[in-house]
Every structure is written in structure tokens, then in C-alpha cells.
Amino acid sequence: MKKDLALFNKIADRLLKTESEQPVATPIAPEELFNTLDISLKDTPASEAFFEETLEKLVLNTPRTATKLFFNQLFGGRNSKATLGDLLAVLLNNSMYTYKVAGPQVGIEKEILHKVCDIIGYAKDSDGTFAPGGSMSNFMAMVMARDAFNASIKNSGVSQKLTLYTSSESHYSIPKNAAFMGVGRDQVRYVETNEKGQMRPEKLEVAVKKDIANGFHPFFVNSTAGTTVLGAFDEIPPLSVICKAYNLWLHVDGAYCGSVIFSKKYKHLLNGLNQTDSFSFNAHKMLGTPLTCSIIITQHKKYLNDSFSNDAAYLYQTDGDDYNLGKTSIQCGRRNDALKLWTLWKSVGTKGLEKIVDNQFHLANVARNYIQNNPEYSLFSYEESISICFNYKNIPAQTLCTELYEKGKLMVGYGTFNNVQFIRLVTINSGNTETEILNFFQVLEEFVATNPSLHRREIFEQ
Ligand SMILES: *Cc1c(COP(=O)(O)O)cnc(C)c1O
């Protein structure tokens, strides 16, 4: 093991050096992949030297998500304390299902869950768990909602026509989960949004009433905290009034921006959160831990237990249910996703998490100001969002993003709202400063200036 740890350190050193010198890896075209790197698996072992060389080559040719030119996704950067925690979790290799096997790591997970419940003002009876990502957190919320609506479904199957509600700007995991659950994609009602991408509550109520009149059974509303494209926050209070009136479970999908709960300045975006039934957020997005670190909590511990516990005599042999986390999990064996958030949180305090979140909004303001002060750009974003959507010189966003990627200049993606396509710059890497954001625009402008064909293409594509 010592030898391989030394090799790890050697490769890690090379990677960090390369990342700072060349923040974007030259991409390998998929059809070239197997000719460029020796990925093939053989009957005979690779020689040690060849193994090391190949491994290093693989690492150095992998997209660099931690650098100052990666803006492509709703995650990015590298927090060293969180990375340390995750490396130790791998080394320890516990499974989080029982206290017998995970010991104090159970306490790490419970402390985080309790603290989060406390911060958002969830009642005493709340509890939660770590799920393998935001999509699965949403799935767990939907299952609890279904069982809260009708406790017999988990035994006898779905026989009623259940319907659920989410905004047209919400994440694709909602319809996917409806399919998994046997409720069906066709029973998902996409509620219209306003011009800022927030769900329109009056449209929600109309849809619910119409479904009831037609013999459907509404059971679940998903509210989004940070929509995938615009980073919009649905307003919770009017949704919770409707949910209470019609007895619907209200979940808040905060995978992207739920971490605003840690900021005094921005937690108002989730006003009313204490009136909801469940809430999830991804620490691997705004808080910058390694993937994946997704938390789902509910005010109703009972439903978490009812929906996810299964007796298993071979597994639960010691200690109380409260310490055997497998009782409230969607998985059986489960990796320790809590430790990386704990090492981060312990080292910087809740005040440090607040700084991380506030800095992302600061960087978003820097980007928005730059765009607003430069007539060659058009802006499609609103205040209080860390997704900065824009176009430059009317160049088609898809073309520009793809060229920037293929030429190894920078990584940024595009999105669409109201049939307009634009570049989406995500200021989620809290390791960045104003300098890196301004550098982003400089790299983009220089690339356009030296590639006049981009303008010509604009004419062809119109
Ligand atoms: C990222 C995201 C998800 C999915 O989370 P995963 O961890 O990728 O499964 C769900 N909802 C929203 C709003 C997201 O931004």
C-alpha cells in the first residue's frame, strides 16, 4: 500500500502542476480514445513501469474540472479539506449501514443531518440521510410522498391515478423518477414559470384542481431552488399554502443552490423552507466537496422509516435503529459521503460555508456587471443567481461553446430559456476570484477575435 500511496502522490503532484500550467486538457475525440490511450485489458499483467506510465497518461488526459477555466457544470473547483476527507473515506472503506461497521462515522453523518435540520428550522421530528446524488434524493422524497398519501401502495402497488407537479424549468430527474416509481411520466404536470423561470403558483393550483375534477390523485409538488438553466428559485410560501390546502407533499429540490441556507445574505431565497415536507441539496455543487455528496432531510422521520426500512436479520445484529443508518437508506452497502463534508465544515465552520456561498454570488455579480457594461454582450440572467446566461456578438452559443472546448481554450456550456439559446457561465467554483472571472471573458474574446469564421458561421446559420 505504501508504494501505491507514493505513486498516488507522484501522480497528484504532476496533475496539480499540469492543471496550473494548462487548465484545459486537450480533448481526445471519442473515436480516437482507444488508439490514444492503452485502456485495453489483457490476460497478462502490465509491467510496473508501463502501468505507472499509462495511469499517469490517463489522469493527465482527463478533463480538468478543478481549474480556473472549467465553468461547464454545476460543480467545479477543488476544496482541499473536503478532498482530504474523501480520500480518508476511501482508505477506511466503511459501509454506512450499521454502527457495528461504521462506528463513529455514523456520528459524523448524524451531526451533519441534525445541524442542517436545525439551520433550516425543521421540527424536532426531522431526520435525513445521504443519497447517491440529487436525482436519487428527489426519488426518495417522491417515495415518501407517495407512502404518506397512501400507505398501502408500497405493498399492493399503484392502482390510483397519481399526479405530481413541478415547474417546466425543473430537473429531468422528476419525470425519470415518476417513471421509476410506476406513477408514469405522463402523470407529471409541468407548471408554467414566470419570465424569471420561477413556478407560477396560480398555475399550480389550476392544474391541481383540474386533475381532482378529472378523478386524478395529486400527491406531490416539487419546488426548485436553483433551476438548471437560469438558477431560479421557486417561491416557497405560496406553494406551501396550496400544498397544505390540498394535502400535497412539498419537496424542495435544492441540488444546485440549496446551500444558500448557510448564508445570512441569501437564505431569504428559501424563505418558508420550514413549512416544507422535505428538502435536498448537493454539497458537491455549491459547497464544492468531491462528488457525490447529496443530503435529503424530511420533517417526518416516520415516513423516512416507513418507506425505506426493511428488516434484515443478517445485517442489523447490534445497536439501536437510530444508529443503524441502513434503516433509512435507499441503498444497502453505502459509501461514506459524509466525511468529506464534515472535514470541510469542521475546518472552516458554518461561517466558512457562508463565505463559500457568498463568494459565488459575488463572482456572479462581477460577471453580470462585466456583461452589462459591454455592449457586445446580451444578458439573460436575473439578480441573485449564479448562472450567468449571455450571448457574445450574436455568435450561436452552441457553436462558440463547442469550438472553445475542441480547441482546448475553456469549458463552458449552453442552455435555452423561452427558445433563446445562450452561454451559461456558472460561478460555482468558490476558489475563483474576480481575476478568474475577468480572465474567462478575456479568453473568450481573444478566441473570437482570432477565429473570424465564427462570425461567418453566424450568417450561415441564420
Ligand atoms: C444537479 C441537479 C440534480 C441532480 O443531482 P445529481 O446529483 O446530479 O443526481 C437535481 N436537481 C437539480 C435542480 C440539479 O441542479
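**Close-up views of a predicted model**

**View 1. Helix 9 and its surroundings.** The buried residues of helix 9 are covered by elements that include helix 7 (134–149), strand 3 (162–167), strand 4 (188–191) and strand 5 (217–224), as seen in this predicted model. Within helix 9, which spans residues 173–180, the buried positions are Ser 173, Ile 174, Pro 175, Asn 177 and Ala 178. Just after the helix comes Gly 182, whose phi is positive, at about 80°.

**View 2. The five-stranded sheet and the helices packed on it.** The strands of this open sheet follow the order 1-11-12-10-9, and their pairing is mixed. Strand 1 (70–71) and strand 9 (377–379) each have a single partner strand and stand at the edges, so one side of each is left without a neighbour in the sheet. Strand 11 (residues 411–417) is joined to strand 12 (residues 420–426) by five bridges in the antiparallel sense, and Thr 416 is found opposite Gln 421 of strand 12. Helix 14 (residues 397–406) packs on the sheet by touching strand 10, strand 11 and strand 12, with its direction at about 165° to that of strand 11. Helix 13 (residues 338–372), in turn, lies across strand 9, strand 10 (387–392) and strand 12, and runs at about 125° to strand 9.

**View 3. The environment of Thr 427.** Thr 427 is located in the loop that connects strand 12 with helix 15 (434–449), and it counts as buried because its relative accessibility is 1%, where the limit for burial is under 20%. Apart from neighbours within four places in sequence, the residues in contact with Thr 427 are Gln 360, Leu 363, Ala 364, Ile 386, Ile 388 and Ile 437. The side chain of Thr 427 also reaches the backbone oxygen of Gln 360, at 3.0 Å. Although Thr 427 and Gln 73 are 354 residues apart along the chain, their C-alpha atoms are separated by 9.6 Å.

**View 4. Aromatic pairs and charges over rings.** The whole structure contains 19 aromatic pairs. In the pair formed by Tyr 99 and Tyr 323, the ring centres are 5.7 Å apart and the planes stand at 85°, so the arrangement is edge-to-face. This pair links distant parts of the chain, with Tyr 99 in helix 5 (residues 99–102) and Tyr 323, 224 residues apart from it, in the loop between helix 12 (301–308) and helix 13. Tyr 99 is partly exposed at a relative accessible area of 34%, and Tyr 323 is likewise partly exposed, at 44% relative accessibility. Over the ring of Tyr 323 sits the charged end of Lys 110, 5.7 Å from the ring centre. Elsewhere, ring pairs join Phe 71, Tyr 370, Tyr 377, Phe 390, Tyr 392, Phe 440 and Phe 441 into a cluster.

Note on methods. Residues numbered from 1 in each chain as written. Predicted model: local features only at pLDDT ≥ 70, side-chain atom pairs only at ≥ 80, totals over all residues. Heavy atoms only, no water. Pairing = 2+ DSSP bridges. Helix = DSSP H or I, 4+ residues; strand = E, 2+ residues; numbered from the N terminus. Contact = heavy atoms within 4.5 Å. Axes fitted to C-alpha atoms, helices over the stretch in contact; angles between N-to-C directions. Buried < 20%, exposed > 50% of the residue type's maximum accessible area, 1.4 Å probe, protein only. Polar contact = N/O pair within 3.5 Å; in protein donor to acceptor, adjacent residues only side chain to side chain. Phe/Tyr/Trp six-rings, centres within 6.5 Å; stacked < 30°, edge-to-face > 60°. Lys NZ or Arg CZ within 6 Å of the ring centre and 35° of its normal.
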